[in-house]
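Thanks for coming. I will go through one model today, starting with charged pairs, then strands, then cavities.

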Amino acid sequence: MTKYLSRALPLSLAAAVALLAPLRVAAMDIEVGGFFGNLGLPWTGETAIGVDEYPANLWLYGGRLAFVEQLNTGLSFMAEYETDIVLRNIVRGIITYETGIVSISAGPMVGVFNSIDKTLKTGIDIGFRLELAGLAFFSATVESSMGAGFATAGDYSQDLTRLAAGWYVNNAICSLSMTTKQYTSILDSGDHMGSASTDYQFAVDVYKKGAPYRVLAELGYRAMTKTYADAKVDGLGAVVLGAQVSAQLSPVFSLVAGLDSGVYVFGLEELAGHGPAPTSFMFQGNLGIVIHLGAEKESAAGQ
């Protein structure tokens, strides 16, 4: 299983490229990025970690590839591959329709290459957003695998819920959010194993009209758990401070870079009293680019 998971990322990226290839000509934006860090519990392992001190070298990494197209006024489409430290590998195809102060989104989500025995796991993503322009907003997203439950070894489910509320101030957008994620799988033995996380976050998105950059600052608390077949649970709690900078390098390219730092990380459940060493740097860094193909076409047309 470890060797299989190490191949999951390139295989998933290949699948996403194949999915997006027919759409690339008409794409307005192509988004490509990746992340690396140790702020999370590892995917592999079917027994509790059982250490005196949680090791800081259990690395997690992944990527994201997305196509975003504005079809017409109020209607957009996104096709996306994403690696998540809890939900693992997911491909989504989401249509969003906006009318007045309300926007709704829906589309399929598919778990890909997360299990040798279950290459694809279908599900659905549904979202809702209510926004008073320049004043406040509220949004909710629910994502869940579909099916009649666990049937065979290798089967799994992916579930996500996100609630957010925000308000606008001078040159900034403030928001409060809660995000829960859960991944549950059935082992060859028939036992269940699962990973979960809950994030509570306050964020401030700072921008200046006409400036080629914007800064997103975040402060929150994250609880992460991994439940094993013998009902033992490893857990980590983290006070997380994060920052992300988006810079418009040219009409065609934008750069996005961010870092989430666990300023205080401690053990929960079986890891209570056995968290990372105070000197350990627990983090997740990300780097990505956005290619604005629409801007490229407009520039070429103007020459």
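How many salt bridges does the structure hold? The count is 11. Keep in mind throughout that this is a predicted model.

Let me take the pair Glu80 and Arg64. Their side chains meet in a salt bridge, at 2.6 Å from N to O. Glu80 sits in strand E3, residues 75–84, and Arg64 in strand E2, residues 60–72, so this salt bridge ties together parts that are 16 residues apart in sequence. Are the two partners buried or exposed? For Glu80 the relative accessible area is 7%, so Glu80 is buried. Arg64 has a relative accessible area of 24% and is partly exposed.

The next pair is Arg92 with Glu82. Here the side chains meet in a salt bridge at 2.7 Å, again N to O. Arg92 belongs to strand E4, residues 88–99, and Glu82 to strand E3, so the pair links distant parts of the chain, 10 residues apart. Arg92 counts as buried, at 9% relative accessibility. Glu82, at 21%, counts as partly exposed.

These pairs belong to a network. Glu31, Arg64, Glu80, Glu82, Arg92 and Glu143 are linked by salt bridges.

One further salt bridge to mention is Asp205 with Arg214, where the closest N and O atoms are 3.0 Å apart. Asp205 counts as buried at 18% relative accessibility, while Arg214 is partly exposed at 32%.

Now the strands that carry the first two pairs. E2 and E3 pair in the antiparallel sense, over 8 bridges. Within that pairing, Gln70 has Ser76 of E3 as its bridge partner. The two strands form a hairpin with 2 residues between them, and Gly74 there takes a positive phi near 85°.

E3 also pairs with E4, in the antiparallel sense and over 10 bridges. One of the bridge partners to look at is Gly93 in E4, which stands opposite Ala79. The hairpin joining E3 to E4 runs through 3 residues. To put the charges back on this part: Glu80 lies in E3 and Arg64 in E2, while Arg92 is in E4 and Glu82 in E3.

Further along the chain there is another run of strands. Strand E7, residues 136–145, and strand E8, residues 156–169, run antiparallel and are joined by 9 bridges. Phe137 has Gly166 in E8 as its bridge partner. E8 then pairs with strand E9, residues 172–186, in the antiparallel sense, with 14 bridges. In that pairing Ala165 is opposite Leu176 of E9. E8 and E9 make a hairpin with 2 residues between them, and in the turn Asn171 has a positive phi of about 60°.

While we are on E9, a word on Ser185, which lies in that strand. What does Ser185 touch, leaving aside residues up to four places away in sequence? Its contacts are Phe150, Asp155, Tyr156, Asp191, His192 and Met193. Ser185 is buried, with a relative accessible area of 12%.

Last, the cavities. The structure holds 2 cavities of 30 Å³ or more. The largest has a volume of about 60 Å³. Gly40, Leu41, Ile85, Val86, Ser195, Ala196, Met224 and Thr225 line it. The elements giving two or more residues to that lining are strand E10, 192–207, and strand E11, 213–227. By class, the lining of the largest cavity has 5 nonpolar and 3 polar residues, with no charged ones.

The second largest cavity has a volume of about 50 Å³. Its lining consists of Asp199, Tyr200, Gln201, Glu218, Leu219, Gly220, Tyr221, Arg222, Val240, Gly242 and Asp260. E10, E11 and strand E12, 233–248, are the elements that give two or more residues to this lining. Which element gives the most to the lining of the second largest cavity? That is E11, with 5 residues. By class, this lining has 4 nonpolar, 3 polar and 4 charged residues.

To put the two cavities side by side: the lining of the largest has no charged residues, and that of the second largest has 4. That is the end of my part.

Technical notes. Residues numbered from 1 in each chain as written. Predicted model: local features only at pLDDT ≥ 70, side-chain atom pairs only at ≥ 80, totals over all residues. Heavy atoms only, no water. Pairing = 2+ DSSP bridges. Helix = DSSP H or I, 4+ residues; strand = E, 2+ residues; numbered from the N terminus. Salt bridge = Lys/Arg side-chain N within 4 Å of Asp/Glu carboxyl O. Buried < 20%, exposed > 50% of the residue type's maximum accessible area, 1.4 Å probe, protein only. Contact = heavy atoms within 4.5 Å. 1 Å grid on protein atoms, 1.4 Å probe; cavity = no way out; pocket = protein on both sides within 12 Å on 5 of 7 lines; lining within 4 Å. Points joined across faces, edges and corners; volume = space filled by probe spheres on them. Nonpolar A, V, L, I, M, F, W, Y, C, P; charged D, E, K, R; others polar.
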